[in-house]
Amino acid sequence: MSVRQFTNKAVPDDVLRGILADAARAPSGGNLQPWRIYMVNGESMVRLREHLASQPPMDKPEYDIYPPELGEPYRTNRFAVGEAMYATLGIAREDKDGRRRQFAHNNDFFGAPAALFCFVDRGMGLPQWSDLGMFLQTFMLLAVERGLGTCAQEYWAVRHAAVRSFVGAPDNEMLFCGMAIGHVDESAPINTLESDRMPLDMWAKFV
Ligand SMILES: Cc1cc2nc3c(=O)[nH]c(=O)nc-3n(C[C@H](O)[C@H](O)[C@H](O)COP(=O)(O)O)c2cc1C
């Protein structure tokens, strides 16, 4: 479950190292292990936030976050989760400013004290991008096991240059996504959001 409000309780570097090391047990085709991770925590998160504030607010994304023509049922799914999220916060459909403000919390990692950025060598293809997903999902599950919460953030694809200049990633690496990491604010209404899933028969067939 994605967490979109964190407490400011610190996460020790050792805990993050442990999760990273265990997450690297994720499978990858040919065992290429194509993930390249930049972890930001504690004091360096403070510097990252300052850096981001000094950079252009938006870069042209290096990949399409969604297909330009999002057909059904994907379009409806995307719309539904947005509506459900704003409903948990009592933000009405016509309250464009309220929606924009909530979206902008992406830029503050939803208050998280730690974050990671997942890059991949530009020479890697679609199969290796799926390996990134396996690594990230494994990381997210291990984080829960250690009492933490996370939110994957493709949002950072629209600030890839600002992220790159902070983490020092080489040009041959491309940013896939970020992830906010920390302790879940259990009192936050947004963290009660339970997103829908399509009925199994819509996407799985026994043949
Ligand atoms: C690769 C990836 C990128 C995502 N990027 C964002 C993001 O930028 N901002 C955000 O609020 N949620 C982001 N999400 C979270 C999804 O919106 C969320 O997983 C989906 O709505 C299902 O909800 P759940 O994770 O709570 O079950 C991302 C998820 C994935 C897997």
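Biologist: A pocket here is an open set of points on a 1 Å grid, with protein on both sides within 12 Å along at least five of seven lines. How much space lies in the largest pocket?

Modeller: This is a predicted model. In this model, the largest pocket holds about 2,100 Å³ of space.

Biologist: How many residues line the largest pocket, and which lie nearest its centre?

Modeller: The lining comprises 49 residues. Those nearest the centre of the pocket are S2, R4, Y66, R78 and V81.

Biologist: Which helices and strands each supply at least two residues of that lining?

Modeller: Helix 3, helix 4, helix 5 (126-145) and strand 3 (149-153) each do so.

Biologist: Which of them gives the most to the lining?

Modeller: Helix 3 does, with twelve residues.

Biologist: What is the lining of the largest pocket by class?

Modeller: There are 29 nonpolar residues in the lining, together with twelve polar and eight charged ones.

Biologist: Staying with helix 3, at what angle do helix 3 and helix 4 pack?

Modeller: Helix 3 spans residues 74-88 and helix 4 spans residues 96-104; the angle between them is about 95°, and their axes are 11 Å apart. Angles of 65 to 115 degrees count as roughly perpendicular, and helix 3 and helix 4 are therefore roughly perpendicular to each other.

Biologist: Which residues make that contact?

Modeller: Helix 3 contributes E83, M85 and Y86, while helix 4 contributes R99, Q102 and F103. Among the residues of this contact, three are nonpolar, one is polar and two are charged.

Biologist: And A87, is that residue buried or exposed?

Modeller: A87, which belongs to helix 3, is exposed, its relative accessible area being 55%. Its C-alpha atom is separated by 9.8 Å from that of P189, which is 102 residues away along the chain.

Biologist: Turning to the backbone, where is there a cis peptide bond?

Modeller: The bond joining E72 and P73 is cis, with omega at about 5°. P73 is found in the loop between helix 2 (43-53) and helix 3.

Biologist: Where is P61?

Modeller: P61 also lies in the loop between helix 2 and helix 3. Its relative accessibility of 32% makes P61 partly exposed. Not counting residues up to four places away in sequence, P61 touches A157, V158 and H160. The C-alpha atoms of P61 and V120 are separated by 15 Å, with these positions 59 residues apart along the chain.

Biologist: What is phi for N31?

Modeller: Phi of N31 is near 55°, a positive value in a residue that is not glycine. N31 sits in the loop between helix 1 (13-23) and strand 1 (36-41).

Biologist: What about phi of F110?

Modeller: F110 is not a glycine either, and it has a positive phi of about 55°. This residue is placed in the loop between helix 4 and strand 2 (114-121).

Biologist: How does F110 count, buried or exposed?

Modeller: F110 has a relative accessible area of 6%. Buried means under 20%, so F110 is buried.

Biologist: What does N106 touch?

Modeller: N106, in the loop between helix 4 and strand 2, touches Q153, Y155 and W156, leaving aside residues up to four places away in sequence. N106 counts as buried, at 12% relative accessibility.

Biologist: Next, helix 6. Which residues in helix 6 are buried?

Modeller: Helix 6 covers residues 160-167, and its buried residues are H160, A162, V163, R164 and V167. They pack against strand 1, helix 2, strand 2 and strand 4 (173-182).

Biologist: What phi does G168 take?

Modeller: G168, just after helix 6, has a positive phi of about 75°.

Biologist: Finally, where is N172?

Modeller: N172 is in the loop between helix 6 and strand 4. Its relative accessible area is 37%, which makes N172 partly exposed.

Biologist: What does N172 touch?

Modeller: With residues up to four places away in sequence not counted, N172 touches V120, D121 and R122. The C-alpha atoms of N172 and C151 are separated by 26 Å, these two being 21 residues apart along the chain.

Definitions and conventions:
Residues numbered from 1 in each chain as written. Predicted model: local features only at pLDDT ≥ 70, side-chain atom pairs only at ≥ 80, totals over all residues. Heavy atoms only, no water. Axes fitted to C-alpha atoms, helices over the stretch in contact; angles between N-to-C directions. Helix = DSSP H or I, 4+ residues; strand = E, 2+ residues; numbered from the N terminus. Parallel < 35°, antiparallel > 145°, perpendicular 65-115°, else oblique. Contact = heavy atoms within 4.5 Å. Nonpolar A, V, L, I, M, F, W, Y, C, P; charged D, E, K, R; others polar. 1 Å grid on protein atoms, 1.4 Å probe; cavity = no way out; pocket = protein on both sides within 12 Å on 5 of 7 lines; lining within 4 Å. Points joined across faces, edges and corners; volume = space filled by probe spheres on them. Buried < 20%, exposed > 50% of the residue type's maximum accessible area, 1.4 Å probe, protein only.
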